[in-house]
Amino acid sequence: MKDCEERHIESPDAPRTGLASFAFTAMLSGPAAAAVGLLNPQSAVAWACVLAGGTILHLLVNRLRDDQDGPIGLDHLPDMVFVLDGEGCLDSWNKAAGEMTGFFSSWKGEPIVDAIPNADRAMFSRSLAAMLAGHATRFECRLRSADGTTRPCLFDGAPRRGANGAVRHVVLSVVDITALYDTRRTLEDEERRFRYMVEMAPHLIAVVAGDDIDYINAAGARMLGHQDPAALLGASWKALRTTRDGNQCDHLRRRDGVLVDVDISSVPILMAGRTGTLVEARDVTEINRANMALRESQQRLQGIMNTVADALITCDGNGQVQSFNSAAERLFGIAAMEAMGQPIGMLIEENVPDQRVPTGIERVREATGRRRDGSVFPIELASGELRLEDQSLNILAVRDLTDRKRAERRLLVAEKVLESTSEGVMVTDPGGTILWVNTAFCTISGYARDEVLGQNAGMLKSGFQDAAFYAAMWRQIERGGFWAGEIWNRRKTGEVFPEWLSIKAVYDGGKITRYVGIFSDISKHKRAEETIRHLTYYDAVTRLPNRYLFQDRVAQSVDRAARRSRIVALVLVSLDRFKTVNETLGHQVGDALLREVAARITSAVRNDDTVARMRGDTFCCVLSDLEQTNDANPIIARLLDCFTSSFVLSGHELFVTSSIGISVFPHDGASVDDLLQKAETAMNRSKDKAENTYHFYTPEMNANTIEQLRLETDLRKAIGRNDFVLYYQPKVETDTGRVVGAEALIRWMHPEMGMVPPGRFIPIAEDTGLIIPIGEWALRNACEQIRHWQRSGLVPVPIAVNLSAHQFRQPDLVEMVVRVLEETGVAPSLLELELTESAVMQNAELTVTTLMRLHEHGIGLSIDDFGTGYSSLSYLKRFPIDKLKIDRSFVQDLGTNAAGEEIVTAIVAMARSLNLRVVAEGVETEVQLRLLRQLKCEEVQGYYFSRPVPAERFEEVLKAGIVQGREAA
């Protein structure tokens, strides 16, 4: 027995190994717990004492303390309870103690030690002495009954002190633990069997406490290279094992350092009050080797399947897919995992009704594949049967025939194309024997197909090319595999003809196996080339050299003159009003005129000179090899004489004049372009000055041209920058001086040159078409100014805005004017449009229609510069105009020129007869104003009353309403 001071129960002969502790602890947690209950199945107190460490005993002691002199009422307790006096003698006991021991009243006062077997008395006496000394004690010993039988019991004693502090009583709670001892013996038997099984196990079993091995069986010792298990007791478990990821053990290290593949499992256990681990390790080295070999075999097989370009599929006898390589995934557009278990008929459709893939003898046939998206494609299908131990598999090799089918179709199409092409095609072997020709070959050569097949291609030679030509041709073919060029061959009729031939070598395995020759008859092309060459360098109408050939001739003349220190003159001759001839008499008469002019000019120059037609109505003469500039004058005089007599064409007699410009090499330039540009500048100067005249180029001309170009460029920018401004010149009633209107005059505020007068930029705007946006700007700005004056409380007067001939010819003129009036909110009666006499008479019928539409909208209309054009009185009567403006040139004659006064008088009288108001512009003197009053001219405009002023100053005129006149400075 353990010493009475022990606080726990332990069998005196229990094994000390970790394995035994594990066995005992494991059994106590299960069957052993039930066995302990056999001590007394009805005794809750006894069981509680065993588990609760004397808690019931303390309750009994307290009970005695509360009832010191009275009897102890403990008979209701199922376990034995003894009360001892201060000498260790029996004082009292409960009913259960009497029944179980057979003690009765005669035992009262007897020492309890007499009920203890001799073998346990010494230990009991020590425990009793401790209790009598005031110590609570728990211990095991045997208890003898009255009949002499003994039983193992668990004693739990507690002293009871009196008032003086001395121990008065000792209360003993006694539990029969006979069943527990039986259980211990059972556990020991189970442990011995368990130990035997562990020792006989073929794999490692060990108990690990912390990191130390407490137990290991013989098989485990042998696995680790030891014959005696004791050699491993206390060894570090961590030092023996290696892990890959720190969680799962994969290897154990043998004594000799070799790693053993193991499969380890472990469970936590309780050993003698502390935790440990039961470890089981199975040697799986051979299994792993076998699995690795299997995996390698599978990987090799899978690698082979995935390396093969064809799709490989295996199916079971029911046509269900069992394997699917990567080529099959790409071909059918479905992942292998999705294809597994699916019917093969979902992917492959045989060209026969049977959906199952036939087994047995291998065979290859064509079928139809179906991709995941439902699209179908042609395939070549090879199948075979693979028999395993208990299974038969169908192996399918699938090849996509899409490219091959497409190639076959292309070959078929190519053959049809070659048959239908207009070029001859010939295929020969490396020796030149003709193997195939197309229909065009027969058509071009005149030979039938049967006549040339098997013959040598040399039968077509014309003999025009020598042996060196053919040797060079074949050297090029041998080097690059291709040759193309012009060659002459002979037809069956013997006719020699030019052809464009290309020869291509066809290789197979690096060796030439065929030659393909393609040729076309270029006889027509040769003739066409000559025609094209003539059309390229000669004018189709006049048969003179055109601009391209002319530039070449000029370059040659300049080079020759530079070497010989001579002079070359370029003479540009432009016909005046040639466009009118074309528009009135037609292009046929115009072309005839050009031919006649070309003949006269050619006859006027020297034989060595070149005459060319540069463009529509412009000719150019190259006067080469001149010693000095004056040498060109006689030739120029003859050129002018060409246009002194009339041209009679198709019954029409025409007088045509010309404008001539001359540039001279080397004085005016060294390049062809430079000389042409300067001759063009001189010709334009002739057009500006007079008809049928000529000018030599001077640097001043170029300066004027450059200035014009600069103004044109700046003018385009000015539109976007809004650099324009409107000035206003009042119209005054002749009799009263009252302001009855104004004319809006545009000015250009140039950022560098300042105020640019209209006379400098309006002609440029007319020539370039910029007058259209400029005119619309002026109209809109004038209307916006009228609206501004109205909002300022002023009473506006009608504002006249000039329309150019270009604007008047615009088809949307009326719509533009109406739109501007609507957008600015100005009444049409406050707007007056002024048109020049020449503008309205250019197309009188169209003018009537346009003026009527404007008049219907209530817009005032006047004719400016009247008397300087060629007005028709019949049209003037039809025009819905409101005013005539007498040109300033006639007004200036008043008081100085009687003829001028008569013209003004006639204009005023005519206007009065047509019910038109008359405005005289350019009035500068009191005399002019007085004569206009006498002629009953209603309105005047000029410097006498006011120069054109900005809108801000014109507001002052509007506020005053009357203008006082004065002589213009």
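In the next few minutes I will go through the salt bridges of this structure, which is a predicted model.

Overall, the structure holds 43 salt bridges, and I have picked three pairs and one network to talk through.

Let me begin with Arg399 and Asp310, whose side chains meet in a salt bridge with an N to O distance of 2.8 Å. The two residues come from distant parts of the chain, 89 residues apart, with Arg399 in strand β17 (residues 392–400) and Asp310 in the loop between α10 (285–307) and β12 (311–315). As for their surroundings, Arg399 is partly exposed at a relative accessible area of 41%, whereas Asp310, at 19%, counts as buried because the cut-off for that class is under 20%.

The next pair is Lys405 with Glu366, a salt bridge in which the closest N and O atoms are 3.2 Å apart. Since Lys405 belongs to helix α13 (residues 402–420) and Glu366 to strand β15 (residues 363–370), the pair ties together parts that are 39 residues apart in sequence. Lys405 is partly exposed at 22% relative accessibility, and Glu366 is partly exposed at 36%.

My third pair is Asp521 and Arg491, which form a salt bridge with the closest N and O atoms 2.8 Å apart. Here Asp521 sits in strand β22 (residues 511–521), and Arg491 in the loop between β20 (482–490) and β21 (496–508), so that distant parts of the chain, 30 residues apart, are linked. Asp521 is partly exposed at 27% relative accessibility, while Arg491 is buried, with a relative accessible area of 14%.

Finally, to the network: salt bridges link Lys731, Glu743, Glu832, Glu834, Lys883, Lys885, Arg917, Glu921 and Glu939.

Terms used. Residues numbered from 1 in each chain as written. Predicted model: local features only at pLDDT ≥ 70, side-chain atom pairs only at ≥ 80, totals over all residues. Heavy atoms only, no water. Salt bridge = Lys/Arg side-chain N within 4 Å of Asp/Glu carboxyl O. Helix = DSSP H or I, 4+ residues; strand = E, 2+ residues; numbered from the N terminus. Buried < 20%, exposed > 50% of the residue type's maximum accessible area, 1.4 Å probe, protein only.
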